[in-house]
Amino acid sequence: MLVVLATQCGAASEPTAPAQPAIDFARDLRPILESHCFECHGPAKQKADLRLDRRSAALRGGDGGPAIVPGRSGDSLLLHRITATSPDEVMPPKGDRLSEREVGVLRAWIDQGAVWPEDRPGAEAEEAHWAFQPLRETKIPAAGTGEDSRSAAPAQPIDAFIQEHLRKAGLTLSPEAPRQVLIRRLYLVLLGVHPTFEEVRAFEADPRSDAFERLVDQVLNDPRYGERWARHWLDVIRFAESNGFETNRERPTAWKFRDYIIAAFNEDLPYDRFIREQIAGDALGAPIATGFLVGGPVDIVGSPDPVLTAQQRADELDDMVNTTGTAFLGLTLGCARCHSHKFDPIEQREYYSLAAVFSGVRHGETPLPIPPEQADAKARADARVADLERRLARFIAPTAATTNAVPVSQQRPPVNARLNTEAFAPIEARRVRFSILASTGGEPCLDELEVYDGERNVALHTAGTRATASGTLPGYEIHKLEHLNDGKVGNSRSWISNTPGKGWVQLEFPGLTRIDRVVWSRDREGSFADRLPTDYRIEVATGEEQWTLVASSADRLPVAAQPGAKTTPAIVYRFDGLPVEEAELGRQWQAELERTRKELATLAKPPTTYAGQFREPGSTHRLHRGDPMQKREAVAPGTLALFRPLTMAADEPEQKRRLQLADWIASPENPLTARVLVNRVWQHHFGVGLVDTPNDFGRNGARPTHPELLDWLASDFMQHGWSIKGLQRRIVLSRAWRQSHAPRAEALAVDAADRLLWRFPPRRLEAEAIRDCVLEASGALVRTGGGPSFHLHEVDRENVYHYHPKERFGPDEFRRMIYAYKVRMEHDGIFGSFDCPDGSLVAPKRSISTTPLQALNLFNSTFVLDQAERLAARVSQEAGSDLPAQVQRAWELAFQRGPAADESKEAVLLAQSHGLPALARALLNANEFLFIP
Amino acid sequence: MTPPTPGSVPQPHPLLNRRRFLSDAGFGLGAIALTHLLGTEGLLAASVSGKQPLRPAIDPSHPFAPRAPHHLPKAHKVLVIFCSGACSHLDTFDYKPELIRRHGQPMPGQDKLITFQGEQGALTRSPWEFRPRGQCGKMVSDLLPRLGDCVDDLCFIHSMQGKTNTHGPGENFMSTGYTLDGFPSMGSWVTYALGTGNQTLPSYVAIPDPRGKPQNSVNNWGSGFLPAAFQGTAFNAASPIRNLARPDRIQPGSDQATRDFLTRLNERHLERFPGDTELAARIASYELAARMQLSVPEVADLGSEPDHILRLYGAHETGSKVKDIRAAYARNCILARRLLEKGVRFVQLFNGAYQTGGEGVSNWDGHKDLLNQYSVHGPVLDQPTAGLLLDLKQRGLLQDTLVVWCTEFGRMPTFQKGAQGRDHNPRGFTCWLAGAGVKAPFSYGATDEFGYQAADKITTVYDLHATVLHLLGLDHERLTFYHNGLERRLTDVHGHVVSDILA
């Protein structure tokens, strides 16, 4: 305190000499900034988006523009604010002002060129953070000696790294686990189900020296492998098959993405390719993979409130940015939505650069290419419909619409609610009028009226075209005249006339315009087919009066009767008054026509999947404090500045934005990508990653327990073609992974959490694996892979969807749980309590908690009791009626071993008094059944 | 590889005394494994606030053991009463003479306002008269006369502000502090921090409305990224906890014998893994489950409640639509009291459901026909909730129980154009508190003259959460859980304790 006072006294008497000695930033200026500025403009807060503890941020400035102009203290906002006299302006606003000496130091530092060395201690730490450095060349340590060589398994490079750390702690690896344990571990970790007892026996009896290697290869090629490992990835990328939020509607085609992930693992798709496909698969022949982009929750509650709409969109983009950042880079980018990241070198601007990459991506059911078989079938149906219509033409009853001169065979298809095109010879027009003379039920509706000159829609109000109408149905925000030519389609952006069955709309172009067709629709989204104009005229005019008819309903076939549709049947075939045979033939044709049309309607639809939909986006802006109502400067798409920053043109084509980002992430030089992935894979083998914070490799995350090993694995992984299976093969063949899980007192005392891996760390199975194992043991498991999901819930499909856990299950629900409909917010009634994430947030690591509800569900649920009875029946069938033999078989099915003598004795007693199902119920609840040994 | 013995079994050691092991585990290995369980090892400990996190020390074999708060608490238990669908402050507790005076006029300066469902009509007074109530004379509408009689025990916050005008995100925000799905609910945070006083009942109970679940369903009581142990257990007076009861097909003797056999099986397995707390925790969880099978039906059985109590809550009377729903909700209110009496840490009682009809039909979402919709919801809420407050008070439970009445947001002072109801309004609404640690009678903050926007002492949902935690002895800036790169808090990076309302 005294020292401070002395300094300040000294400062007061010091002249503010213009000729300051050379200022050293670290020695002279930084302490000043630290004591006066960092509280509001430092790591914790960046008021006005100004940060003064980092060189790059400080030189860039904040909301008020650059704070420092090197060489010109007079023009530097920082100095201006510090020396201001007005209480509204002066900085700092509270607390002590800077002394004259301190102001002098600052002024001199700016005038001397504001030299801010890169290598100040803070920056050094910032730049040198391990995970942002390129992968280090690591030498494999000398192989372990002494006790560690107890293992019969050949030492792997992994073991050298593990043993080096163990040796430093005075520890050793444990001996190799017995084969019965090893094969159960291998199956549970790689396949998520127990091996059969017979498989255990065969492995135990395999005399070949490479028996385990052979087993590993066989297991990695088992299709159940993809079903197991897809689950881990789907957790990381918050995949689910419902929208979340209050409506929580289903995404009935999202399973195709799940199947894509399963196949990617089974085929060992190189990870760099896997990244590219998920971000930009539409450009790489894998459109389903872009389900990644839109796999997250989305709030579909529509509202005319622009604030809400903007917020919802910002949340969608945030979900994409965040998930991309955490899944591939292990970085939490979400913080930078509101302010520059406090711990990692990520500026707010960079966040919005990434948002700009995704700004053309939208959620939705996305059409996929029509498969050839379907296209062929459609062509056949098309031809048949045309043929039948020709044959039936002579039976058409005369109606108002068909009394005109156009012969039926030359008539155009009937109008439909989704899209109608009226082409005509190019003509100059100032105005276009669409007059409706009749419509199906109610006041007619148009969701969009487009007028084209070649490829250009000249009707848009943004092109200066003005719409007028005979009248508009009052009181509906969603039905307004301005929606007619706003470029937005669907019932909620439509115009409705105020007169039943009648009305007109007129478009006036800013000047004479050449036009060649009109395109119109009732509801292009296909939800509504009522209020459809059926009798209409389209006329154009160059001046005030002279109207020329360019198209009308006169040459269209009348709207056909469609079962269930709210349209008026217009074509009527009449068979009365005809010879019996002829009438009968006509009726048969008509029946076939209706049938074929129905088939055609299905065949005409391309298959869809829930994946990204892509449009060229507008500009992206930085949002002050993340508030979508506070737009700041425009931001071009780009990547993070962490390594080889990539900035794109502001108007970069949408797809190229994503492709470039994907390339940047999947680059072998990206310091994070491979490290993050090998750590995830490691985690699911040992329960904990080398980095215990799998989604945070930033400065706030955990440091790796074995940094050299992590880098070696990452390099090796890339050298071997980013092969995940190759990486896993290395891991499971290591002594570290093959060692016993038995605890050792002396090692527990040193490293109870087993982070150094002196034993294999056992752990409880996840929810899905428990359910799969129960079904496998009972023999009920249905092995069919892929395809639409089965439901664990009964679903009430109101406006808002409600999900009620099922009580009874049958074979449809006896497939593996990866194939269960993944519903956000609602958990499975039994296994949901086993820390099963619901896909609302990314879940890189599941917590493992133990609760009485889990015990109740597993001990009392109808599902488990049913399976216990099945298991009991299976045991009787396979072991005959001898009770000890039944007990033996029950142990084999549940634990893949025989019972010890006292176990057998007690089990026989239980089964004698209470039946085999009681024994089966206990075994399915046992720790040995639920733990990876 | 050592030559294997087919079917070999590790030799069992003499049986350990498991109870002794479990208690040892609590002091030794348990605590070490705990950090492992919570994934908190080796992290930089600074949270965003710059304060050091104070994470609860959880023994995985006793996840619900009572734990010490950060500072001396005023409240030990919490009852949240959540009116789902957005209950209008303007027809209940926020009296606005200017709204009555300007009835039928456009809202000044807001004639172009577009809210959730669209354009706004004129300012519209409540169809219910407001009158002075209690000793303090607080104005409450005729919609809730019995709650009106309770005002001397209530602490109103009239200046609440949310940040979304959509139900799902709104309910998330009130229940979890985030508008997005998937974050832990307030009850999860509280039981994560404090455990519970009664080891034979769930620490956190959510009581859904008799008509069904609220708009955002189980997300209101989910545990998000906190361990599943801390999620709310949902049941009400009509539907019990799933899988709690012994299944019908299992005889009692068989059930017990199977349980005993399982215990021996697991104990023998544990001998091979001394020191493994997860294995021990699973054994303990079956014991706790067995105790819950006895204690939960007992607490949920309202058969012992005397007639005058049933009458106090309005549980005695059925026979019309309103009376039937009221009686069912009243039984939930009695259940809430019984749970709090038995020491359950956090009870979340819902009034209103989305499940049985759309907006306004079975919840407070009165867009179209406020008068008729609220004529059902008011009487359903009023007597049972007032009865619950009186009963808690007469049993002395308000001394250590904090009651929070809330809803996801408020409603507009105008009627919607072309409709007879009010649109969503997160800019201003009312919540109230009662019981341990809060001033009463007291009114804090205010909306503007029409009740449109919070104007005086604006109180965010973060502030409300910070205050609830504070009353429980918890510093909202230090109660954290590491998830996905961040020390997460209930209050994110926001929130101030509303110290003016503390007693």
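1. Helices and strands are taken here as DSSP runs, a helix being H or I over at least four residues and a strand being E over at least two, with numbering from the N terminus. On that basis P92(A) is placed in the loop between α5 (77-82) and α6 (100-111) of chain A, and the peptide bond that leads into this proline from M91(A) is cis, with omega near -10°. The model is predicted, and the points below should be read with that in mind.

2. On the overall make-up of chain A, the secondary structure amounts to 31 helices and 19 strands, and the C-alpha atoms occupy a box of roughly 105 × 105 × 45 Å along the principal axes. Chain A has 933 residues, of which 46% count as buried. When contacts between residues at least 6 apart in sequence are considered, 70% of those in chain A join residues at least 24 apart.

3. The domain assignment splits chain A into domain 1 (2-120), domain 2 (270-365 + 613-665), domain 3 (372-394 + 581-604), domain 4 (397-572) and domain 5 (764-932). Between the C-alpha centres of domain 4 of chain A and domain 5 of chain A there is a separation of 59 Å.

4. The contact between the two chains draws 86 residues from chain A and 83 residues from chain B. On the side of chain A that touches chain B, the elements giving two or more residues are α9 (179-190), α10 (197-205), α15 (306-329), α26 (852-860), α29 (901-914), α30 (916-925) and α31 (927-930) of chain A. The most is given by α26(A), with eight residues. Sorted by class, this side of chain A holds 34 nonpolar, 29 polar and 23 charged residues.

5. One of those elements, α9(A), also packs within its own chain, against helix α11 (residues 211-220) of chain A, at an angle of about 25° and with the axes 11 Å apart. Because angles under 35 degrees count as roughly parallel, α9(A) is described as roughly parallel to α11(A). The crossing of α9(A) past α11(A) is right-handed. From α9(A) the residues I183(A), L186(A), Y187(A) and L190(A) take part, and they meet L215(A), V216(A), V219(A) and L220(A) of α11(A). The residues of this contact are eight nonpolar, with no polar and no charged ones.

6. A second helix pair in chain A is formed by α20 (residues 673-686) and α21 (residues 707-719), which pack at an angle of about 105° with their axes 9 Å apart. Since the range from 65 to 115 degrees counts as roughly perpendicular, α20(A) is roughly perpendicular to α21(A). Here A674(A), R675(A), V678(A) and N679(A) in α20(A) meet L710(A), L713(A), A714(A), F717(A) and M718(A) in α21(A). By class, the residues of the contact of α20(A) with α21(A) comprise seven nonpolar, one polar and one charged.

7. Chain B likewise has a cis peptide bond that merits a look, from A440(B) to P441(B), where omega is near -10°. This proline, P441(B), sits in the loop between β14 (429-435) and β15 (442-444) of chain B.

8. Two non-glycine residues with positive phi deserve inspection. D268(A) has a phi of about 55° and belongs to the loop between α13 (255-266) and α14 (271-280) of chain A; because it has 19 C-beta neighbours inside 10 Å, and burial requires 20 or more, D268(A) counts as partly exposed. In chain B, N243(B) has phi near 60° and lies in the loop between β8 (233-234) and α7 (252-271) of chain B; with 25 other C-beta atoms within 10 Å, N243(B) is buried.

9. Finally, P606(A) is found in the loop between α18 (580-604) and β12 (608-610) of chain A. With 13 other C-beta atoms within 10 Å, P606(A) is partly exposed. Leaving aside residues up to four places away in sequence, P606(A) touches P367(A), L368(A), P369(A) and I370(A). The C-alpha atom of P606(A) is also separated by 9.3 Å from that of A375(A), although the two residues are 231 residues apart along the chain.

Conventions
Residues are numbered from 1 along each chain as its sequence is written. Chains are lettered from A and ligands numbered from 1 in the order in which they are written. This is a predicted model: local features need pLDDT of at least 70, side-chain atom pairs count only at pLDDT 80 or more; totals for chains, interfaces and linings use all residues. Two residues are in contact if their C-beta atoms, placed from the backbone, lie within 7 Å. Ala, Val, Leu, Ile, Met, Phe, Trp, Tyr, Cys and Pro count as nonpolar, Asp, Glu, Lys and Arg as charged, and the others, Gly among them, as polar. Domain bounds come from an automatic or database domain assignment. Axes are lines fitted to C-alpha atoms, for helices over the stretch in contact, and angles run from 0 to 180 degrees between N-to-C directions. Angles under 35 degrees count as roughly parallel, over 145 as roughly antiparallel, 65 to 115 as roughly perpendicular and the rest as oblique. A crossing is left-handed if the near helix is turned anticlockwise from the far one by less than a right angle, and right-handed if clockwise. A residue is buried if 20 or more other C-beta atoms lie within 10 Å of its own, exposed if 12 or fewer, and partly exposed in between; C-beta atoms are placed from the backbone.
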